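I open a fresh page for this model. I want to follow one helix and see what lies around it.

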Amino acid sequence: MARVVLVTGVSRDLGSRFARRLAADPGVDRVLAVDVVPPRHDLGDAEFVRVDLRSPVVSRVLARESIDTVVHLNVIATPQHAGGRATMKEINVIGTMQLLAACQRLPSVSKVVVKSSTAVYGASPADPAMFTEDMEPRALPQSGFAKDAVEVESYVRGFARRRPDVAVTTLRFASVIGPRVRTPMTRYFTLPVVPTVLGFDARLQFVHEDDLLEALRLVTVGQSPGTFNVAGDGVMMLSQAIRRMGRPTAPVPAFAVATFGQMFRAARLADFTPEQLSYLTYGRGVDTSRMRDDLGFKPAHTTAEAFQTFASVHEQGLLSSERIAAAEEEAAAFLGVRDVRDEAEGVRQGHG
C-alpha cells in the first residue's frame, strides 16, 4: 500500500487533479507534488515541492522524504507548452532517466507508476485490428511525443530489470478527452474547419479524463505491476467524431498532408507531428482485456461517451449539409486542392 507518494508533472491540470485526489485517499499518508513550475490549480492536502527532474536534486528529495511510491506523469505531449521540441525531449527523456536513477538508489522505493500512451504502437496501414500489450509496433515512431514515450518505456523496463523488488506499472492511455483536458487532439477537433486525409477514415479510441485519474489512483494504492492498455469501450471513426462536433472538413490528398501539417505548426493552429498525421490517417485500436481481467478496471465512460463530454462543451451545433458543403468548398479553394469535396464524396459513397 502506498504511504508516501511523489507525483510528478503537477503544474498541469491532470497532474494537479490527481495529486489532490490521491491526497484525499485514506490509504495514502502524504503526497508530495513536484514540478519545476508551481501548479495553477489547488492541490488540496498535497504538498508542493519545486523540483526540476532533470536535476540531481530529485534524488535528495526522494531520500529526505522517505518516498515509497513514485507516480510519473511528467511526460509532455505538446512542445509549445514545454518551450520547444528540444526542451520537451529533455523534460520527457532526461527527466525520466534522472527520476529512475534516483529511485534505483533508494531502498525505500517499492512502487513506480508511469503514465504512458498508446502512441507507442505507432500508426501504419500494416497494423493489426487491435494491439495487445505484448505486440511491437509495425513502424516505430520517429519523432515527437510518441518517440519520447517509446524511449521512456525502454528506460522504465531497464529500471524494472535492475530493481525486481519494485512493483512497476505502466499505463498506456488512449487519447485523453473530456470537458477540461487540452491536448493536440482536442485542438484538432476545435478547428473551424477540420482537415482530414482524403480517402481515409481513422479508427479512434478515447479515455475520459476522470477515468484516467481513477485508473492511476487504482494502481497507486493497489498492487498491479505490468503494462496495461487503458481505453473506453468501442471505437469511433474520425468522420463520426467530426460530425458530432458539427464542423466542416477539408479533405487533403495524402501527398500534401506533410506540407499541410507544417503550415498548421507554423501558424500555431495545431501541432501536427508526422506521428499525429499518421494516426489521423490510419487510426489505431488497442485491446483492453488485460485492463479488465488483470487490473480489474472498467472505465465509467465508453469511447463515444467520453467524446460526447468533450463535444457537448465545444460543439458548434450540427450544420446543415449546404453550410458544410460551402465551408468545404472554401477550404478547398484556400488550399488550392481541386475537386476535393467531389472526391471526398465519392470516397464516402464508395465506403457505403
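**Entry 1: a helix on the sheet.** I started with α4, which lies across β1 (4-8), β4 and β5. I took its direction against β4 and got about 170°. I keep in mind that this is a predicted model.

**Entry 2: the strands beneath.** I looked up how β4 and β5 are joined. Residues 69-72 form β4 and residues 111-117 form β5; the two pair in the parallel sense over four bridges. I then picked H72 and asked which residue in β5 is its bridge partner. The partner is V114.

**Entry 3: the whole sheet.** I traced the strand order next. I read β3-β2-β1-β4-β5-β6-β11, seven strands in an open sheet with parallel pairing. Which strands stand at the edges? I found β3 (47-50) and β11 (226-230) there. Each has a single partner strand, so one side of each has no neighbour in the sheet. I also noted the turn between neighbouring strands, which is 20° on average with direction ignored.

**Entry 4: a second helix.** I went back to α4, residues 85-105, and checked its packing with α2, residues 57-64. Their axes are 9 Å apart, and the packing angle is about 40°. An angle of that kind falls outside the parallel, antiparallel and perpendicular ranges, and α2 and α4 are therefore oblique to each other. I noted the handedness too: α2 passes α4 in a right-handed crossing.

**Entry 5: who touches whom.** I listed the residues at this contact. From α2 come V58, S59 and L62. They meet Q98, L99, A102, C103 and R105 in α4. I sorted the contact by class and got five nonpolar residues, two polar and one charged.

**Entry 6: one residue in α4.** I stopped at I91, which lies in helix α4. Is I91 buried or exposed? Its relative accessibility is 12%, and the cut-off for buried is under 20%, so I91 counts as buried. I then looked at its separation from D148. The two are 57 residues apart in sequence, and their C-alpha atoms are 9.7 Å apart in space.

**Entry 7: an odd backbone angle.** I turned to the loop between α2 and β4, where S66 has its place. What is its phi? I read a positive value of about 50°, although S66 is not a glycine. I checked its exposure as well. At 45% relative accessibility, S66 counts as partly exposed, because that class lies between 20% and 50%.

Definitions and conventions
Residues are numbered from 1 along each chain as its sequence is written. This is a predicted model: local features need pLDDT of at least 70, side-chain atom pairs count only at pLDDT 80 or more; totals for chains, interfaces and linings use all residues. Side-chain values use heavy atoms; hydrogens and water are left out. Axes are lines fitted to C-alpha atoms, for helices over the stretch in contact, and angles run from 0 to 180 degrees between N-to-C directions. Angles under 35 degrees count as roughly parallel, over 145 as roughly antiparallel, 65 to 115 as roughly perpendicular and the rest as oblique. A crossing is left-handed if the near helix is turned anticlockwise from the far one by less than a right angle, and right-handed if clockwise. Contact means heavy atoms within 4.5 Å. Ala, Val, Leu, Ile, Met, Phe, Trp, Tyr, Cys and Pro count as nonpolar, Asp, Glu, Lys and Arg as charged, and the others, Gly among them, as polar. Buried means under 20% relative accessible area, exposed over 50%, partly exposed in between (1.4 Å probe, protein chains only). Two strands pair if DSSP finds at least two bridges between them.
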